[in-house]
Amino acid sequence: MLIPLLVRISVKDIKTKTVSNAIQPVLLCAAIFLNGISPFERLIGGFLSAFPSYIYSHKTRKMGMGDVKLMFSFGWCSGLWNIPAVIFAWIIFYFTTLKGKNKPIPYAPYLCGTFALSLFMPYFI
């Protein structure tokens, strides 16, 4: 159910470089069906995923707020399992912006890919 939504988010961000605000409520509601994660763990995962991005977004203006909201939604869905995925996404983001270009890049495809990995991570560990 979530994979087609992640593909849609990625394609829209590649084409328009925007993340729709209608996506976050859908993801927050979809989290109800992802069992085994307590609401407290979801909240911690959401804030630990989004807060560093929020600070970075305001300091550099290289990341949009849609990406920050998307990171919170992904953290809410997968809880603390999202933290390694966020670190991996930050590494990808660092290397794609390393050349100093101030041109905005579509960051949502990286987030969606790492979030998909974080959904399956509990099954591999």
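How many nonpolar, polar and charged residues are there in the lining of the second largest pocket? By class, seven nonpolar, three polar and five charged residues make up that lining. The model under inspection is a predicted one, and the tour below begins at this pocket.

**Stop 1: the second largest pocket**

Select D13, K17, G64, D67 and I105. Of the 15 residues lining the second largest pocket, these five are the closest to its centre. The volume of the pocket is about 160 Å³. Next, colour helix α4, residues 65-78. With three residues, helix α4 gives the most to the lining.

Remain at K17 for a moment. K17 is placed in the loop between α1 (2-16) and α2 (23-30). Its backbone merits a check of the torsion angles: phi of K17 is near 60°, a positive value in a residue other than glycine. As background, most residues other than glycine have a negative phi. K17 is partly exposed, with a relative accessible area of 43%.

**Stop 2: aromatic pairs**

Display the aromatic side chains. The structure holds four aromatic pairs. Centre the view on F47 and F72, whose ring centres are 5.4 Å apart; the planes stand at 65°, so this pair is edge-to-face. F47 belongs to helix α3 and F72 to helix α4, so the pair ties together parts that are 25 residues apart in sequence. Both residues are partly exposed: F47 has a relative accessible area of 47%, and F72 has one of 22%. Add W76 to the selection, and a cluster appears in which ring pairs link F47, F72 and W76.

Now select Y107 and Y110. These two residues form a tilted aromatic pair, with 6.2 Å from centre to centre and 55° between the planes. Is Y107 buried or partly exposed? Y107 is buried, at a relative accessible area of 1%, whereas Y110 is partly exposed at 29%.

**Stop 3: two buried serines**

Select S53, which is found in helix α3 (residues 39-60). S53 has a relative accessibility of 0% and therefore counts as buried. Which backbone oxygen does the side chain of S53 reach? The side chain of S53 reaches that of S49, at 3.5 Å. To see the surroundings, show M63, V68, M71 and W90; S53 touches these residues when those up to four places away in sequence are not counted.

Move on to S78 in helix α4. S78 counts as buried, with a relative accessibility of 3%. A polar atom of the side chain of S78 lies 3.0 Å from the backbone oxygen of F74. With residues up to four places away in sequence left out, S78 touches I37, F115, S118 and L119.

**Stop 4: Y56 in helix α3**

Select Y56, another residue in helix α3. Y56 is partly exposed, its relative accessible area being 22%. Draw a C-alpha to C-alpha distance to V68: the two residues are twelve apart in sequence and 9.7 Å apart in space. Then show R61, K62, M63, W90 and F93, with which Y56 is in contact once neighbours within four places in sequence are set aside. Two of these names have already appeared at the previous stop: M63 and W90 are among the residues that S53 touches.

**Stop 5: E41 and G79**

Remain in helix α3 and select E41. E41 is partly exposed, with a relative accessible area of 22%. How many residues apart in sequence are E41 and G79? They are 38 residues apart in sequence, and 5.3 Å apart in space from C-alpha to C-alpha. Add L80 and W81 to the view: leaving aside neighbours within four places in sequence, E41 is in contact with G79, L80 and W81.

**Stop 6: F33**

End the tour at F33, placed in the loop between α2 and α3. F33 counts as exposed, because its relative accessibility is 63% and the cut-off for exposed is over 50%. Extend a C-alpha to C-alpha distance from F33 to C77: the separation is 44 residues in sequence and 9.2 Å in space.

Note on methods. Residues numbered from 1 in each chain as written. Predicted model: local features only at pLDDT ≥ 70, side-chain atom pairs only at ≥ 80, totals over all residues. Heavy atoms only, no water. 1 Å grid on protein atoms, 1.4 Å probe; cavity = no way out; pocket = protein on both sides within 12 Å on 5 of 7 lines; lining within 4 Å. Points joined across faces, edges and corners; volume = space filled by probe spheres on them. Helix = DSSP H or I, 4+ residues; strand = E, 2+ residues; numbered from the N terminus. Nonpolar A, V, L, I, M, F, W, Y, C, P; charged D, E, K, R; others polar. Buried < 20%, exposed > 50% of the residue type's maximum accessible area, 1.4 Å probe, protein only. Polar contact = N/O pair within 3.5 Å; in protein donor to acceptor, adjacent residues only side chain to side chain. Contact = heavy atoms within 4.5 Å. Phe/Tyr/Trp six-rings, centres within 6.5 Å; stacked < 30°, edge-to-face > 60°.
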